[in-house]
Amino acid sequence: MLKYIIYICFSFLFLLIFLFSECKGQNVNVVNLRPIKDSVIININLYECNEHLDVILDSTIATVTNCPLYNDINIEFLITVYLNERGDTIISIENVPLWNIPNYTGCKGFFYYKEYRFYYFGIFLSSFFVDTNKNIEKQIAAPEDLTTDIDDTGSYWYYLICNGELKCISYQNCKNWWIDVNYIPVEESE
């Protein structure tokens, strides 16, 4: 009986938080809707992005915040930089609704841009980012609490770095998607 009373109290508390939340994509506070059994603290490098990314980040934030799928949802962004199978440098930007608990254990850096949090993974690009030589601590879910479920509620953009410029080669946002067919990976025949 006591379990049910505690469950009802916590459910009511979460309902109140949800109803009285005034978050519109600014000053985002994290509320985990899933219980976390254990957590760990990691140190993450504090980065700054240079003005080359302003237009891209402004567009990404505007597109996500104007999409009805994300109304009143706390989000943060992940940036991943990697080399594709052709050796091209790719920057991936995706938003993550915070009902998921992303795996931050491979995170190399972190920065704020217009009050939004961006977590950086992959190869460091000094042409677009500056390492401030400062660290922040982030409490994250222990690996056993992380989800590996596929969640298609987030949006993504893929950019190719070509001659120091960013060229969008694919995106998915607000039930819209597009891909530049020139950059679809070609499977090798055996």
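**Close-up views of a predicted model**

**View 1. A loop residue with an unusual backbone angle.** E115 sits in the loop that runs between β4 and β5. The model shown here is predicted. E115 is not a glycine, yet its phi is positive, at about 70°. Most residues other than glycine have a negative phi. E115 counts as partly exposed because its relative accessibility is 42%, between the 20% and 50% limits.

**View 2. A positive phi inside a strand.** N133 belongs to strand β6. Its phi is positive too, at about 60°, although N133 is not a glycine. Is N133 buried or exposed? N133 counts as exposed, because its relative accessibility of 71% is over the 50% limit.

**View 3. The whole chain, for orientation.** The chain has two helices and nine strands. Along the sequence they follow the pattern α-β-α-β-β-β-β-β-β-β-β. The chain has 190 residues, and 36% of them are buried. Among contacts with a separation of 6 or more, 67% join residues 24 or more positions apart. The chain exposes about 12,500 Å². Carbon and sulfur atoms supply 55% of that area.

**View 4. Strand β2 and its hairpin partner.** β2 pairs with strand β3, residues 89-97, in the antiparallel sense. Nine bridges join β2 and β3. One bridge partner can be picked out by name: I75 is matched with P97 in β3. β2 and β3 form a hairpin, with five residues between them. G87 lies in the turn and has a positive phi of about 90°.

**View 5. Strand β2 and its parallel partner.** β2 also pairs with β5. How do β2 and β5 run, parallel or antiparallel? They run parallel, and five bridges join them. Here T80 has F121 of β5 as its bridge partner.

**View 6. A stacked aromatic pair.** The structure holds twelve aromatic pairs. One of them is formed by F77 and F118, and it is stacked. The ring centres are 4.7 Å apart, with 15° between the planes. F77 belongs to strand β2, residues 75-83, and F118 to strand β5, residues 116-122. The two residues are 41 residues apart, so the pair links distant parts of the chain. F77 counts as buried, because its relative accessibility is 0%. F118 counts as buried at 0% as well.

**View 7. A tilted aromatic pair.** The rings of F111 and F129 have centres 5.6 Å apart. Their planes meet at 50°, so the pair is tilted. F111 lies in strand β4, residues 109-113. F129 lies in strand β6, residues 129-141. With their positions 18 residues apart in the numbering, this pair too links distant parts of the chain. F111 counts as buried, with a relative accessibility of 1%. F129 counts as buried, at 2%.

**View 8. One aromatic cluster.** Which residues form one aromatic cluster? They are Y47, F77, F111, Y116, F118, Y120, F124 and F129. The cluster includes F77 and F118 from the stacked pair, and F111 and F129 from the tilted pair.

**View 9. A nonpolar surface patch.** W177, I179, V181 and I184 make a nonpolar patch on the surface. The patch comes to about 420 Å². W177 is found in strand β9, residues 176-179. W177 is exposed, with a relative accessible area of 62%.

Key. Residues are numbered from 1 along each chain as its sequence is written. This is a predicted model: local features need pLDDT of at least 70, side-chain atom pairs count only at pLDDT 80 or more; totals for chains, interfaces and linings use all residues. Side-chain values use heavy atoms; hydrogens and water are left out. Rings of Phe, Tyr and Trp (its six-membered ring) pair if their centres lie within 6.5 Å; planes under 30 degrees apart count as stacked, over 60 as edge-to-face and the rest as tilted. Helices (H or I, at least four residues) and strands (E, at least two) are DSSP runs, numbered from the N terminus. Buried means under 20% relative accessible area, exposed over 50%, partly exposed in between (1.4 Å probe, protein chains only). Two strands pair if DSSP finds at least two bridges between them. Patches are made of residues with over 30% relative accessible area and no salt bridge: like charges are joined within 9 Å, nonpolar side chains (Val, Leu, Ile, Met, Phe, Trp, Tyr) within 5 Å. Accessible areas come from the Shrake-Rupley method with a 1.4 Å probe; for residues, only the protein chains shown count as cover. A salt bridge is a side-chain nitrogen of Lys or Arg within 4 Å of a carboxyl oxygen of Asp or Glu. Contact means heavy atoms within 4.5 Å.
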